[in-house]
Amino acid sequence: MDKQAFRGIFSALLTAFDAAGEFSEAGQRAMIRAELQAGIRGFYVGGSTGEAFLLSPEEREAVMRVSAEEAKGKATLIAHVGDLSTRAAARYAEKAARFGYDAISSVTPFYYKYTPEQIAGYYRDLAEASGLPVILYYIPALSGVGMDRAAFDGLLSDERILGVKYTGSDYYLFERLRRAYPDKILYNGYDETCLCGLAMGADGAIGSTYNVMGEQFLRLYALVKEGKLDEARALQHTLNDRIAFLLEAGDVKAAVKYVMREKYGVDVGVCRAPGGDAPSQWKERVKAYDF
Ligand code: MN9
C-alpha cells in the first residue's frame, strides 16, 4: 500500500445543502473543486464536520458517492462510516469500497458503553465488510469514549488498522503512540494544535478549518518538513486568530460553511437543525478577517 498518499493535509469535508436543506450534489462538487484548486489532496468525507449523524442512510451514501466521483484520482479519499450499529456502519463501509475510497474510518461506537473487545470487534467487522484499511477516529470530547494506551494497543496491533485520527489534546499519549507505532498513519485532529501534532511526528492532519484555509495549512505542513519551526509557530499563531474567530460563531462547521461562500463563492447552505446558520452579528464581522 502507498502510505505516502495518506500523508499531508486532509480537509474534513463539509456536506453541502441547498436552500431547502437537502443534500446539494452541485454544491458538493463545486466545494471539492475549490479545495482541489487550493491544493488540498486529501478528503475525509462524512465525518463530524460533514454532519454525518444528521443525514439519512441514503444521504450518507450519496455524499460518499458524489464526493468520490468528483475527487477520485485527484486526492486520497477516506470515508467516515461510523454509526451506532455495526450493521449500519458495515453497510457504509461496503459502499465506500465500491465507490473507490482508499480507506474507511469510524468514530468509536458511542452512546452505549462497550468493552474493549466489543470495540475491537466493531473495527474488525468494518475491515472485513470493506476490505479497506481502517483509520480509528478518536474524539473523546464528542464521543464520550476515552482511550488509554492499553486500549490503543489492543486496536493498533491489528494490521488492518492503518492508523488513527487523533482528536485529543494529550500530546504525551500521542507521542507514545508515535514511538510505539512508527508504521501507522497518525493524524492530528485539532486544527488549533496542528503544529503540536506535526512536531510530535504526525503523518498529517485532518480538520474542518482546512476546507477554507487549505493553502495556509499546507504551508504550515511544508514549514515543519523543512524544519522551520519558528516560522511554523508564527503561522499557527496567525491561523489560530482566525480559528478563534470561527469558534466564536458557536459552531465551527456553520462558520466554515459561511466562509466557504465568502471566500470561494461556493454556496454549501447552512447546518442542519438543531444547528443552523452562523449568527448574523458574527457574519457581519467576517470581512475583517483575511481567510
Ligand atoms: O477532528 C475537527 N473536530 C470537530 C476534527 O469538528 C469536532 C477539528 O477540525 C475542529 O473542528 C477544529 C476546530 O475546533 O479543530
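**A colleague's note on the core, helix 2 and the salt bridges**

1. A good place to start is the largest nonpolar core of this predicted model, which has 101 residues; Phe43, Ile78, Tyr101, Phe152, Phe217 and Trp282 touch the most other members. In soluble globular proteins, nonpolar side chains tend to be buried together.

2. Take Phe43 as an example. Leaving aside residues up to four places away in sequence, its contacts include Phe10, Leu13, Ile32, Leu36, Ala71, Leu77 and Ile78.

3. Helix 2 (residues 57-71) is worth a look too. Eleven of its 15 residues are buried, so the rest of the structure largely encloses this helix. Among the buried ones are Val63, Met64, Val66 and Ala71, along with Glu59, Arg60 and Glu70. The cover over them includes helix 1 (25-37), strand 2 (42-45), strand 3 (76-80) and helix 3 (86-99).

4. The length of helix 2 checks out: at 1.5 Å a residue it should span 21 Å, and its end C-alpha atoms are 21 Å apart. After the helix comes Gly73, with a positive phi near 85 degrees.

5. On charges, the whole structure holds 26 salt bridges. One of them joins the side chains of Asp203 and Arg7 at 3.0 Å, N to O. Asp203 sits in the loop between helix 8 (194-199) and strand 8 (204-207), and Arg7 in the segment before strand 1 (8-12), so this pair ties together parts 196 residues apart in sequence. Asp203 counts as buried at 8% relative accessibility, while Arg7, at 31%, counts as partly exposed.

6. Closer in sequence, Glu25 and Arg29 pair at 3.1 Å, N to O. They are four residues apart in helix 1, which means about one helical turn separates them. Both belong to a salt-bridge network with Arg33, Arg65, Glu69 and Glu70.

Conventions: Residues are numbered from 1 along each chain as its sequence is written. This is a predicted model: local features need pLDDT of at least 70, side-chain atom pairs count only at pLDDT 80 or more; totals for chains, interfaces and linings use all residues. Side-chain values use heavy atoms; hydrogens and water are left out. Helices (H or I, at least four residues) and strands (E, at least two) are DSSP runs, numbered from the N terminus. The expected span of a helix is 1.5 Å times one less than its number of residues. Buried means under 20% relative accessible area, exposed over 50%, partly exposed in between (1.4 Å probe, protein chains only). Contact means heavy atoms within 4.5 Å. A nonpolar core is a set of buried Ala, Val, Leu, Ile, Met, Phe, Trp, Tyr and Cys residues joined through side-chain atoms within 4.5 Å. A salt bridge is a side-chain nitrogen of Lys or Arg within 4 Å of a carboxyl oxygen of Asp or Glu.
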